[in-house]
Amino acid sequence: RAKAQGRGHVVEFDWTMDLEAQELMLLEHDLRSAIAGEELHLVYQPLAGTSTGIIAGCEALLRWEHPRLGNIAPDRFIDLAERSGLIVPIGEWVIRSAIAAAAKIDPGIRVAINVSPMQLRSPNLCAVFVNALAASGVAAERIEVEITESVLLADTEANLAVLQKLRALGLRISMDDFGTGYSSFSYLRKFDFDKLKIDKSFIDCLGQEDSSDAIVGAIIALARVLGMRTVAEGVETSAQLDLIRQLGCDEAQGYLFSRPIDLEALVALVGSAPAMQAIDRDAVIAPD
Ligand code: C2E
Ligand code: MG
Ligand code: MG
Ligand code: MG
């Protein structure tokens with residue numbers, strides 16, 4: 001087992017390990033070579049203004065095309081990358097690639113990058129941003145760093161200091177998946193986030209549960225008082241869009257407008273249609 005976790009490319013099974021652990025170990029081994037190879041790429045999901053449909057920004061999302069297993073979803077490998085420390089080199093590649101992409105996207109469009117807790121602990125993080133911005137000539141204000149509440153759960157003081165440094169570079173800081181953590185609201189006292197992304201789990205229940213509508217309404221009202229922009233994540237129906245618009249949410253991200261798409265498609269979309277059409281999946285599949 002010790003050998004398998006080392007830096008070598010030999011994978012040795014310990015037959016006392018369960019199947020899942022063996023699978024994870026193989027995946028980790030493959031992820032190491034994925035970084036060196038051409039297997040990782042980014043896709044970009046547009047964010048639209050809720051009242052205009054105009055594209056305000058996009059989020060860079062990592063994809064892994066495994067040579068044998070095909071596409072592996074981030075939910076399956078980001079965790080693994082975190083635990084093995086591979087997220088640091090992978091994350092640096094993500095930052096450089098997304099900022100290089102931003103240079104090809106209309107300067108009115110912001111680009112959001114996910115940064116995980118382990119990356120905040122890397123002493124290189126700020127330099128990676130500085131170098132990528134300098135190399136591409138992209139304004140720091142266009143780049144949004146998305147962190148989750150877990151960043152403020154452990155190593156809080158050190159992580160807050162890193163967030164302050166990133167902010168001092170001109171980057172925007174967003175809280176991702178808001179509402180899924182242990183004490184979400186207390187984190188808002190610790191850092192002055194530019195943007196709050198309301199987790200999809202709340203958006204899913206909109207219009208079906210009075211309590212969800214009330215919670216989302218309260219989050220949006222609170223964000224406004226605190227001077228944060230709001231994004232609803234995972235908007236899939238026009239009913240949800242109507243509700244979040246009425247509740248005062250600034251932007252929507254979800255399949256209703258677009259799935260994550262490649263850079264060329266995003267550039268074409270921004271160029272051709274400043275306002276996106278909402279494609280309501282419920283409406284599409286609803287019987288007539
Ligand atoms: P996230 O940052 O909350 O990203 C939003 C996720 O919701 C994306 O999943 C996106 O494809 C999905 N999504 C957007 N709209 C809809 C919708 O209408 N319906 C549904 N069902 N899903 C929607 P994805 O790309 O699979 O990424 C999952 C998570 O993996 C991300 O959640 C983020 O936490 C992490 N991740 C992705 N790329 C990176 C990266 O480059 N670095 C790090 N550290 N984490 C990443
Ligand atoms: Mg995100
Ligand atoms: Mg999110
Ligand atoms: Mg999420």
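**Two magnesium ions and a ligand**

The magnesium ion (ligand 2) and the magnesium ion (ligand 3) sit 3.7 Å apart, and Asp176 coordinates both. That pair is where I'll start. Glu59 lies in strand 2, residues 55-66, and Asp176 lies in strand 6, residues 172-178, so the pair ties together parts that are 117 residues apart in sequence. Both Glu59 and Asp176 are buried. Keep in mind that this is a predicted model.

Now each ion in turn. Ligand 2 first. Which residues supply the protein donors of the magnesium ion (ligand 2)? They are Glu59 through OE, Asn114 through OD1, Glu146 through OE and Asp176 through OD. Their distances from the ion run from 2.0 to 2.2 Å. Along the sequence, the donor residues of ligand 2 follow the spacing E-x54-N-x31-E-x29-D.

Next, the magnesium ion (ligand 3). Its protein donors come from Asp176 (OD), Asp177 (OD), and Glu233, which is listed twice, each time through OE. Here the distances are 1.9 to 2.7 Å. The sequence spacing of the donor residues for ligand 3 reads D-D-x55-E.

Look at the two aspartates, Asp176 and Asp177. Are they buried or exposed? Asp176 is buried, with a relative accessible area of 5%. Asp177 is partly exposed, at 24%. The cut-off matters here: buried means under 20% relative accessible area. And to repeat the bridge: Asp176 links the magnesium ion (ligand 3) to the magnesium ion (ligand 2).

On to ligand 1. Where does it sit? Ligand 1 is in the largest pocket. Three elements give two or more residues to the shell around ligand 1: strand 2, helix 3 (74-84) and strand 6. Strand 2 gives the most, with four residues. There are 23 residues around ligand 1. Of these, Glu59, Arg63, Asp176, Glu236 and Tyr255 come nearest. Two of those names should be familiar. Glu59 and Asp176 are also among the protein donors of the magnesium ion (ligand 2).

Now the polar contacts. A backbone N or O atom of Leu62 lies 3.1 Å from a nitrogen atom of ligand 1. Arg63 places a polar side-chain atom 2.9 Å from an oxygen atom of ligand 1. Asn114 has a polar side-chain atom 2.9 Å from an oxygen atom of ligand 1. How much of ligand 1 does the protein cover? The answer is 83% of the 800 Å² of accessible area that ligand 1 has on its own.

One last look at Asn114. Its side chain has that contact with ligand 1, and its OD1 is a donor to the magnesium ion (ligand 2).

Technical notes
Residues are numbered from 1 along each chain as its sequence is written. Chains are lettered from A and ligands numbered from 1 in the order in which they are written. This is a predicted model: local features need pLDDT of at least 70, side-chain atom pairs count only at pLDDT 80 or more; totals for chains, interfaces and linings use all residues. Side-chain values use heavy atoms; hydrogens and water are left out. Donors are N, O and S atoms within 2.8 Å of the metal (3.2 Å for Na, K and Ca); water is not among the atoms, so sites may look incomplete. Buried means under 20% relative accessible area, exposed over 50%, partly exposed in between (1.4 Å probe, protein chains only). A residue is near a molecule or strand if one of its heavy atoms lies within 4 Å of it. A polar contact is a pair of N or O atoms within 3.5 Å; within protein, one must be able to donate a hydrogen and the other to accept it, and residues adjacent in sequence count only if both atoms are side-chain atoms. Accessible areas come from the Shrake-Rupley method with a 1.4 Å probe; for residues, only the protein chains shown count as cover. On a 1 Å grid over the protein atoms alone, a cavity is a set of points where a 1.4 Å probe fits but cannot get out, and a pocket is an open set with protein on both sides within 12 Å along at least five of seven lines; lining residues have an atom within 4 Å of a point. A molecule sits in a cavity or pocket if more than half of its atoms lie within 2 Å of its grid points.
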